[in-house]
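Thank you all for coming; I would like to use these few minutes to walk through one chain, going from helix packing to aromatic rings and then to a few single residues. Please have the structure open in front of you, and let us look at it together.

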Amino acid sequence: MFAEFLLLLKARGLAVTLTEWLTLQQGLREGLHQQSLTGFYHLARAVLVKSEKDFDLFDLCFSEFFRGIEETDPAFTEELLSWLDKPELEPSWLLPETGELTPEARAKVRKDLEDRLAEQDAEHNRGRIWIGTQGYSAFGNNGHAANGIRVGGEGIHRRAFQVAGERTYRDFRRDRVLDNRQFQLAFRALRQFSSQIDGAEPEFDALETVNATAKKAGQLTIRYQNPRRNSIKLLLLMDSGGSMEPHARLCTQLFRAAKGATHFKELKIYYFHNCPGKYLNTTPTLAGDSNVSTDWILNNYRRDYRVVFVGDAMMEWEDLYSRVRDRATGKDLPSGMEWLTRFQRTYPHTVWLNPVLSPPSNPYWGATYRQISALIDMYPLTVEGLHQALKQLLVRR
């Protein structure tokens, strides 16, 4: 049964064994799929997929094979998506107040979307009912409505509670960290910077002893090494609040992994909003009593610190380039870009981790993203991105 589906999975690179396929057939005979396409999807994924990073590949294969079969999710035609593709429209920034929707209210919104899909036969923009853009409808993109469903386009205000057609497991393909353990494993790469202590009493090196003995056909050859010590000093600077709210859980995992790592001689963590300014904060709430002078940090933490910024790099243009008058001195403070430049010049090993996986095509948000990435090496806040960023920190300068 579904032999063509098995062949498609294997052709797309999913390693499905014959034993797993027979197990799926047994599950079908016993009715574990509950006589529905959705049930078959969950059963097949549970049996055939071994790792979360392959969920997205499985979803793509499943959609390709069962295309045209009616499902519970609404179908979005190419014509409808073309109606919603309006990159030339300027976003509006008037946002309504919003609260969290109840599960019942969300279900009603989804039902309303299905009704609109069944009835809508033309493009609609700046309206209140139909699926479109720049309006007050709960369906579409680049509009004023809060707690709706985004269809097509990019997130502007980030108020939608659901993105229609979103590939839920896309980020598991080494594109997003799954748990603290993934972060901790990546941090272990910094062991390479542990320095040898000259003049200390050497200690037995088990691995090199085994290797040397094997190379001499079993003749015991003892090897020693100087003891190691942690020498990495890490300065972790994290954007907090605003557009970073959707990424709070991911950043919390990074924070916990960094705090729990044993590979740092020193670890200092500070917070900022959008861009570093006159002060950094010791708490993510950015409370006034937790302020620490940025000048003090730059002057007291030596250049041997490795600096990691964490943020989406998307902010108002003024946050990056405008100067603010210091009430205490009457002088203009450096702009956000000037503070970043000072960090980059003070600390040769500086990287930026970004939870947004690619530069926004929207010109408003994309401008600051591109400016910062041109100054500081930027990597996605993912398993692979973190490995690449730490590798860059290990480059000797």
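At what angle do helix α12 and helix α13 pack, and how far apart are their axes? Before I answer, please keep in mind that what we are looking at is a predicted model. Helix α12, which covers residues 336-346, packs on helix α13, residues 363-375, at an angle of about 20 degrees, and the two axes lie 10 Å apart. Because an angle under 35 degrees counts as roughly parallel, α12 is roughly parallel to α13. The crossing in which α12 passes α13 is right-handed. On the α12 side the residues that meet the partner are Met-337, Leu-340, Thr-341 and Gln-344, and on the α13 side they are Gln-371, Ile-372 and Leu-375. If we sort the residues of this contact by character, we find 4 nonpolar, 3 polar and no charged.

Let me step back for a moment to the chain as a whole. The chain has 14 helices and 16 strands, and of its 397 residues 41% are buried. If we take the contacts between residues at least 6 apart in sequence, 66% of them join residues that are at least 24 apart.

One example of two residues far apart in sequence is Leu-250 and Leu-381, which are 131 residues apart along the chain, while their C-alpha atoms are separated by 8.5 Å. Leu-250 itself belongs to helix α9, residues 248-260, and with a relative accessibility of 6% it counts as buried, because the cut-off for buried is under 20%.

Now to a second helix pair, formed by α2, residues 18-29, and α3. How do the axes of these two helices cross, and within what distance do they come? They cross at roughly 150 degrees and come within 9 Å, and α2 and α3 are therefore roughly antiparallel to each other. As α2 passes α3, the crossing is right-handed. The contact is built from Glu-20, Trp-21, Thr-23, Leu-24, Gly-27 and Leu-28 on α2, together with Phe-40, Leu-43, Ala-44, Val-47 and Leu-48 on α3. Sorted by character, the residues of the contact of α2 with α3 comprise 8 nonpolar, 2 polar and 1 charged.

Helix α3 also brings us to α4, residues 55-65, in which Phe-55, Asp-56, Leu-57, Phe-58, Asp-59, Cys-61 and Phe-62 are buried. Among the elements that cover these buried residues are α1, residues 3-11, and α3, residues 37-48.

This leads me to the aromatic rings, of which the structure holds 21 pairs. In the pair of Phe-5 and Phe-62 the ring centres are 5.9 Å apart and the planes stand at 85 degrees, so the arrangement is edge-to-face. Phe-5 sits in helix α1 and Phe-62 in helix α4, so to speak of distant parts of the chain, 57 residues apart, being linked by this pair is what the model supports. Both Phe-5 and Phe-62 are buried.

A second pair joins Phe-40 and Phe-66, whose ring centres are 5.7 Å apart and whose planes stand at 70 degrees, so this pair too is edge-to-face. Since Phe-40 lies in helix α3 and Phe-66 in the loop between α4 and α5, the pair ties together parts that are 26 residues apart in sequence. Phe-40 and Phe-66 are both buried. The four rings I have just named belong to one aromatic cluster, which is formed by Phe-5, Trp-21, Phe-40, Tyr-41, Phe-58, Phe-62, Phe-65 and Phe-66.

Finally, I would like to turn to the backbone at two places. Which residue in the loop between α2 and α3 has a positive phi although it is not a glycine? The residue is Gln-34, with a phi of about 60 degrees, and at 63% relative accessibility Gln-34 counts as exposed. Asn-274, in the loop between β11 and β12, also has a positive phi, near 70 degrees, and is likewise a residue other than glycine. Is Asn-274 buried or exposed? At 11% relative accessibility, Asn-274 counts as buried.

Conventions. Residues are numbered from 1 along each chain as its sequence is written. This is a predicted model: local features need pLDDT of at least 70, side-chain atom pairs count only at pLDDT 80 or more; totals for chains, interfaces and linings use all residues. Side-chain values use heavy atoms; hydrogens and water are left out. Axes are lines fitted to C-alpha atoms, for helices over the stretch in contact, and angles run from 0 to 180 degrees between N-to-C directions. Helices (H or I, at least four residues) and strands (E, at least two) are DSSP runs, numbered from the N terminus. Angles under 35 degrees count as roughly parallel, over 145 as roughly antiparallel, 65 to 115 as roughly perpendicular and the rest as oblique. A crossing is left-handed if the near helix is turned anticlockwise from the far one by less than a right angle, and right-handed if clockwise. Contact means heavy atoms within 4.5 Å. Ala, Val, Leu, Ile, Met, Phe, Trp, Tyr, Cys and Pro count as nonpolar, Asp, Glu, Lys and Arg as charged, and the others, Gly among them, as polar. Buried means under 20% relative accessible area, exposed over 50%, partly exposed in between (1.4 Å probe, protein chains only). Rings of Phe, Tyr and Trp (its six-membered ring) pair if their centres lie within 6.5 Å; planes under 30 degrees apart count as stacked, over 60 as edge-to-face and the rest as tilted.
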